[in-house]
Amino acid sequence: MQPSPVTVSITRTVPPERAREFAAWARAGEELMSQSPGYLGSGWVRPDPASEEWHMLFRFVDAESLALWQASSERAWWIGAVSGLAEKAREESRTGIEGWFDEPSTVEVVTAPPTPPRWKQMIAIFLVFYPLSLGANAALTPLIGEWPLALRVLVTVVAVTPVMTYLALPWITRALRPWLTRGLSRGPRAR
């Protein structure tokens, strides 16, 4: 008889103010676990970005491989590092695939966070796109003002896109969050 893969589900409760630290801890554990013989994969899931519950699934090729990981000094160090950061709520192991499709004792439906209406998103984008475009054109025109239009636009877009993506849009979204989310409900929205 061929050994069955083992999937482990762990739920931990993490205070919201410790979420970033916990995420770093989780990444470190996945890195350590990935070096363990028989490791098949893992991942963390949160029902909502504000949720205190974090769910981890990881899978090993068989119970023996899982036992090696669980007895390893790397796992002992990793588990010791979470002390005071999160509380273990529950852990469950299943072999094969059939156990994950048993009828659940409870069902909880979690909806995705609502998104702002498109007109508000458009205003937020305009508030960063216009000044960045204006500044980039002013700065680049002395250098590339004689180039063909398509090439000038290409250079400008290449210069502005990373700034918008990594700096300007995240900043304006945080700054406007109260306005962007005002009046939004958790249910589905028609646009």
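Hi everyone, let me start with one residue, Thr11, which you will find in strand β1. Before I go on, please keep in mind that this is a predicted model. Is Thr11 buried or exposed? At 2% relative accessibility, Thr11 is buried, because the cut-off for that word is under 20%. The side chain of Thr11 also has a partner: a polar contact of 3.0 Å connects it with the side chain of His55.

From Thr11 we can step across to Lys88, which belongs to strand β4, residues 87-95. Which residues does Lys88 touch, if we skip its neighbours within four places in sequence? They are Thr11 and Arg12. In sequence, Lys88 and Arg12 are 76 residues apart, yet their C-alpha atoms are 4.4 Å apart in space. Unlike Thr11, which is buried, Lys88 has a relative accessible area of 46% and is partly exposed.

Now let me step back to the whole chain. It has five helices and four strands. Reading from the N terminus, the order of elements is β-α-β-β-α-α-β-α-α. The chain has 191 residues, and 27% of them count as buried. Take the contacts with a separation of 6 or more: 71% of those are between residues 24 or more positions apart.

Next, the inside. The largest nonpolar core is made of 20 residues. Phe22, Trp25, Met33, Trp44, Phe58, Leu66 and Trp69 are the ones with the most contacts inside it. Where do these core residues come from? At least two are supplied by each of β1 (6-13), α1 (19-34), β3 (53-60) and α2. Helix α1 gives the largest share, five residues.

Let's zoom in on Trp69 for a moment. Leaving out neighbours within four places in sequence, its contacts include Gly29, Leu32, Met33 and Ser36. Phe58 and Phe60 are on that list too, along with Glu74, Arg75 and Trp78. There is also another core, lying apart from the largest one, with nine residues, including Val128, Val160, Ala168 and Leu180.

You will have heard a lot of aromatic names by now, so here is a word on rings. A pair of aromatic rings is described by the distance of the centres and the angle of the planes. How many aromatic pairs does the structure hold? The count is 11. One of them is Phe58 with Phe60, an edge-to-face pair at 6.1 Å centre to centre, with 90 degrees between the planes. Both Phe58 and Phe60 are buried.

For contrast, look at Phe126 and Tyr130. Why is this pair called stacked? The ring centres are 5.6 Å apart and the planes stand at 15 degrees, so the pair falls under the 30 degrees that counts as stacked. These two residues are both in helix α4, residues 118-144, and because they are four residues apart there, about one helical turn separates them. Tyr130 is partly exposed, at 46% relative accessibility.

Ring pairs can also join up. A cluster linked in this way contains Phe22, Trp25, Trp44, Trp54, Trp69 and Trp78. And a ring can meet a charge: the charged end of Lys120 sits over the ring of Trp179, 5.0 Å from the ring centre.

Speaking of charges, how many salt bridges does the structure hold? There is one. In it, the side chains of Arg18 and Glu21 meet, with 2.7 Å from N to O. Arg18 is partly exposed at 28% relative accessibility, and Glu21 is partly exposed as well, at 40%.

Two more stops and I am done. The first is Ser72, in the loop between α2 (63-71) and α3 (73-81). Ser72 is buried, with a relative accessible area of 15%. Its side chain reaches the backbone nitrogen of Arg75 at 3.1 Å, and Arg75 is one of the residues we met as a contact of Trp69.

The other stop is Thr161, in helix α5, residues 149-181. Thr161 is partly exposed, at 39% relative accessibility. Thr161 and Phe129 are 32 residues apart in sequence, with their C-alpha atoms 9.3 Å apart in space.

That is my tour, and thanks for listening!

Technical notes
Residues numbered from 1 in each chain as written. Predicted model: local features only at pLDDT ≥ 70, side-chain atom pairs only at ≥ 80, totals over all residues. Heavy atoms only, no water. Phe/Tyr/Trp six-rings, centres within 6.5 Å; stacked < 30°, edge-to-face > 60°. Buried < 20%, exposed > 50% of the residue type's maximum accessible area, 1.4 Å probe, protein only. Lys NZ or Arg CZ within 6 Å of the ring centre and 35° of its normal. Contact = heavy atoms within 4.5 Å. Polar contact = N/O pair within 3.5 Å; in protein donor to acceptor, adjacent residues only side chain to side chain. Core = buried A, V, L, I, M, F, W, Y, C linked by side-chain atoms within 4.5 Å. Salt bridge = Lys/Arg side-chain N within 4 Å of Asp/Glu carboxyl O.
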